[in-house]
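Work through the exercises below on charged side-chain contacts. Each task is followed by a stepwise solution.

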Amino acid sequence: MTIRFLPPALRRSLFRTSALTTGALVCLTGTAACAEPTPPVRQPAYTSSLLDRPGTQVRPGSAAPPLPGVSALSWVVADARTGEVLAARDAHRRLPPASTLKSLFALAALPRLHPDTRHTVTDAELARVGGGSSLVGVSAGRSYRVSDLWRGVFLSSGNDAVHVLTAMNGGMDRTVRQMRAKARALGARDTHVVSPDGYDAAGQVSSAYDLAVFGRAGLADPQFARYCSTTVASFPAGGWSYPIQNTNRLLTGAGGVARYPGLIGVKNGYTSRAGNTLIAAAHRGARTLVVTVMNPQNGGYAVYEEARRLLDWGFAAAGRVRPVGSLVPAKPRTAPDRARHAAAAAPAFAPSTESDDDSAWPALVLVGAGAAVLLAGCVVIVRRRAATVTRRSGAGGEFVE
């Protein structure tokens, strides 16, 4: 049956019904667009502001062991797996890093140099090695594999090996830029690189926090981890080779320093300006800790003994202290004004792309079901009213079967 004409009364009724239907659809659509709010993000058990404060920062529980006495100007104890900082002293204090900065050099350059590549050293590549530098014995005119040079860096802290690798990596300026970029990418904001070898230079600084970041990142790299945990290796010298030993005494047990059980590196250093510095990592049970110690005031081998005490404390305190910070860089946040503009520009309704249980699909189903019910109601009302009008006013309109 085709409707060609409707009387005024029926038109008014249909108009009211359409208005009610539209209003209901708008309400349902608004419900879908304003879906259930996202639950609040769970806050971490630490606040990074604690590490910004001077002095010693620790949040012990009732069963936590007391911190050991440590004379270092700055130090950090952190969980290498989670990045949680268990305790620290002046974590962001900027100090000369000495050869611990070679850890950042390795993070930047290791992926760019194939270990089996051979290179013949030139005099120019060794010309800028600073006086009094630690050396592994690289000689101009000899050919070395990249892996040999890296062992010279990690075991003997050879500045000569660093300078050759720097030349192979594109030169001093390029390598320094790469190291600065790598530090920023890791969230290490206290470090300013001037020389890749860590040699004393005006403005060259790092912090116990940043060194812990570098150590943690290095342990996640198989090549880095293998080099930094090597105790003894052979270094080529033309037709023969000679043994080199890692200068990290906690790793080797040399010089009257007892080897630390489970130690896996990372890097030690010393200059007249920096004093002794150390990144040490050790594994025990299911936990790996990284400790950094910068410039102990007791001198001698205090850097190793203080690192030992901090490692012992960290293993005993794990699970009994609340973290005071994290080595994991914070994710960048969207500026509030940009977020508001984006929300205003977004369509009033958009289908969800999420696949979890909090998606908007239930709301969409309700919208569809509600719309179907309302439209069916409209059809019923129209038919009933049309039939009534036909019965009461046979001449009130023309209907064609």
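**Exercise 1.** In this predicted model, classify R284 by accessibility, then describe its salt bridge with D312.

*Solution.*
Step 1. R284 has a relative accessibility of 39%. Partly exposed covers the range between 20% and 50%, so R284 counts as partly exposed.
Step 2. D312 has a relative accessible area of 36% and is partly exposed.
Step 3. The two side chains meet at 3.8 Å, N to O. The cut-off is 4 Å, so the pair qualifies as a salt bridge.
Step 4. R284 belongs to strand β10 (residues 275–284) and D312 to helix α11 (residues 302–317), so the contact ties together parts that are 28 residues apart in sequence.

**Exercise 2.** Which residues are joined into one network by salt bridges that share partners?

*Solution.*
Step 1. The network holds R145, D148 and R151.
Step 2. Take the bridge between D148 and R151: their closest N and O atoms are 3.2 Å apart.
Step 3. Both sit in helix α5 (residues 146–154), three residues apart, which means a separation of about one helical turn.
Step 4. D148 has a relative accessible area of 7%, so it is buried.

**Exercise 3.** Which parts does the salt bridge between R287 and D79 tie together?

*Solution.*
Step 1. The N to O distance is 2.8 Å.
Step 2. R287 lies in strand β11 (residues 287–296), and D79 in strand β3 (residues 72–79), so the linked parts are 208 residues apart in sequence.
Step 3. Compare accessibility. R287 is partly exposed at 31%, whereas D79 is buried at 4%.

**Exercise 4.** How many salt bridges does a search of the whole structure find?

*Solution.* The search returns six.

Key
Residues are numbered from 1 along each chain as its sequence is written. This is a predicted model: local features need pLDDT of at least 70, side-chain atom pairs count only at pLDDT 80 or more; totals for chains, interfaces and linings use all residues. Side-chain values use heavy atoms; hydrogens and water are left out. Helices (H or I, at least four residues) and strands (E, at least two) are DSSP runs, numbered from the N terminus. Buried means under 20% relative accessible area, exposed over 50%, partly exposed in between (1.4 Å probe, protein chains only).
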